[in-house]
Amino acid sequence: MKNIRVVLMGCGGVGRQLLQHIVTCRSLHANQGIRLRVVGVCDSKSLVVAPDVFSMELSDHHLLEVCRLKLASSSLLTLTDSGECQVFSGSDLTKKIVDSAALLGKSTGLALVDCSASSETIGVLNRAVDLGCCVVLANKKPLTSKMEDYDKLVSQPRRIRHESTVGAGLPVIASLNRMLSSGDPIHHIIGSLSGTLGYVMSEVEDGKLFSQVVKSAKSLGYTEPDPRDDLSGMDVARKALILARLLGRRLNLDSIKIESLYPEEMGPGVMSVEEFLGSGVLLLDKNIQERVYKASLNGNVLRYVCVIEGSRCEVGIQELPKDSALGRLKGSDNVLEVYSRCYNKQPLVIQGAGAGNDTTATGVLADILDLQDLFP
């Protein structure tokens with residue numbers, strides 16, 4: 001039986017779903033000769049860890065209890081120290097993760113999995129790379145930080161997986177890596193990489209008001225608690241930067257031209273969420289309606305996309321042909337068109353569900369399993 005030891009950082013929706021997948025897939029993985037041994041789980045404040053990460057693991061009961069506590073917004077500190085687990089907080093949390101990485105990294109191996117949405121994990125991830133650990137990311141921020149941090153994380157390409165940073169569980173990163181490693185240069189990428197904005201733009205195309213669609217998207221759970229987190233375009237920009245860097249572009253986030261769908265005077269520092277949804281977003285209807293109408297006169301539709309071509313990297317609304325893969329997009333799916341030497345006139349199209357905790361967690365789990373040959 002091949003043992004893959006795992007430390008999970010982040011117990012939000014994706015992290016909890018990952019733990020549940022690990023537990024429910026025990027028999028499947030056993031038939032494949034694999035055992036995922038979760039030796040530690042942490043949120044931003046506390047770490048639950050096996051007393052001896054070398055010989056022990058957190059039981060499935062403890063993993064499900066972590067899920068229950070975090071779903072209820074409770075503290076992991078309520079899991080008191082016992083013979084089966086220990087709890088650390090504050091500066092001890094980071095030290096314990098690094099100590100575990102030092103112990104396991106170059107012996108049994110360790111997969112450090114980041115399902116948080118924090119930039120605070122970057123230091124720990126860099127240390128883990130130095131200690132010979134594998135890194136699996138759903139968190140986009142480490143890969144969109146300073147170039148020196150990015151270079152450190154990808155310095156051991158066989159030991160990092162980050163499929164779920166772009167397109168949730170869709171095979172975006174793997175497909176691009178296969179093309180690049182086979183000598184098929186990619187010269188143009190255009191894609192709709194936000195399920196939220198894909199839904200919004202396809203709905204306004206049908207004549208619905210932008211304000212109504214944004215409110216519907218929020219009620220359906222497609223947006224963040226503050227929809228402006230999606231409407232700002234920053235999430236799409238991070239995904240675009242990850243793809244651009246994968247293609248070898250030495251860019252930073254501030255190099256990307258980003259079109260926000262609301263003006264600065266409606267930003268979080270000026271308007272509350274309630275004010276934005278109550279009155280602010282109504283003021284955006286006219287402009288969007290006019291743009292939709294203008295595009296329709298040209299036989300086109302509007303989509304919020306990322307574009308990477310040469311040194312150009314930008315995200316925003318573009319007019320696109322109705323009969324293109326992006327033009328046919330409906331709902332919250334992601335679509336990516338990739339143009340290369342081999343895929344020149346007809347692009348490689350990657351399409352499917354590109355959002356959701358379940359889809360993302362499944363992608364993370366697949367990434368962990370993809371590292372199995374690096375574990376003894």
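1. Two strands count as paired when DSSP finds at least two bridges between them. With that criterion, Lys257 in β9 can be placed: the bridge partner of Lys257 in β11 is Glu314. The next pair follows, with Ile258 bridged to Val315 of β11. The model is predicted, and the points below should be read as describing that model.

2. β9 and β11 (residues 312-321) are joined by two bridges and run parallel. The count therefore satisfies the criterion of at least two bridges. β9 spans 257-258 and is an edge strand, as is β13 (348-353); each of them pairs on one side only.

3. These strands belong to an open sheet of six, ordered β9-β11-β10-β8-β12-β13, and the pairing in the sheet is mixed. As general background, strands of a sheet pair through backbone hydrogen bonds, in either a parallel or an antiparallel sense. Both senses occur at β11: the pairing with β9 is parallel, whereas β10 and β11 run antiparallel and are joined by ten bridges.

4. The hairpin of β10 and β11 has two residues between the strands. Gly310 in this hairpin takes a positive phi near 60 degrees. Along the paired strands, Arg303 stands opposite Gln318 of β11. Helix α13 (residues 285-297) lies across β10 (300-309) and β11, and its direction is at about 90 degrees to β10.

5. A second open sheet has seven strands in the order β4-β3-β2-β1-β5-β6-β7, again with mixed pairing. Its edges are β4 (86-89) and β7 (160-161); each has a single partner strand, so one side of each has no neighbour in the sheet. At the β4 edge, β3 (residues 46-49) and β4 pair in the antiparallel sense over four bridges. Val48 has Val87 of β4 as its bridge partner.

6. Which strands does helix α5 lie across? Helix α5 (residues 122-130) lies across β1 (2-9), β5 (111-114) and β6, and runs at about 160 degrees to β5.

7. The domain assignment divides the protein into domain 1 (2-168 + 358-374) and domain 2 (182-354). The contact between them takes 15 residues from domain 1 and 15 residues from domain 2. Taken over C-alpha atoms, the domain centres are separated by 31 Å.

8. The UniProt annotation "domain: Homoserine dehydrogenase catalytic", from an unreviewed entry, covers residues 171-369. These bounds should be kept apart from those of domain 2, which the domain assignment gives as 182-354. Over residues 171-369 the chain is 41% helix and 22% strand, with the end C-alpha atoms 15 Å apart.

9. How much area do domain 1 and domain 2 bury between them? The figure is about 1300 Å², and 63% of it lies on carbon and sulfur atoms. On the domain 1 side, Thr144, Met147 and Val166 lose the most area to domain 2; together they account for 42% of what that side buries.

10. Two salt bridges are counted between domain 1 and domain 2, while a search of the whole structure finds 19. Asp235 forms a salt bridge with Lys140, with the closest N and O atoms 3.2 Å apart. This pair links distant parts of the chain, 95 residues apart: Asp235 is in helix α11 (residues 234-246), and Lys140 is in the loop between β6 (134-137) and α6 (147-153). In another salt bridge, the side chains of Arg250 and Asp151 meet at 3.0 Å, N to O.

Methods: Residues numbered from 1 in each chain as written. Predicted model: local features only at pLDDT ≥ 70, side-chain atom pairs only at ≥ 80, totals over all residues. Heavy atoms only, no water. Contact = heavy atoms within 4.5 Å. Axes fitted to C-alpha atoms, helices over the stretch in contact; angles between N-to-C directions. UniProt positions renumbered as here; feature names shortened; annotations may be inferred. Domains from an automatic or database assignment. Buried area = accessible area lost by both parts, 1.4 Å probe. Salt bridge = Lys/Arg side-chain N within 4 Å of Asp/Glu carboxyl O.
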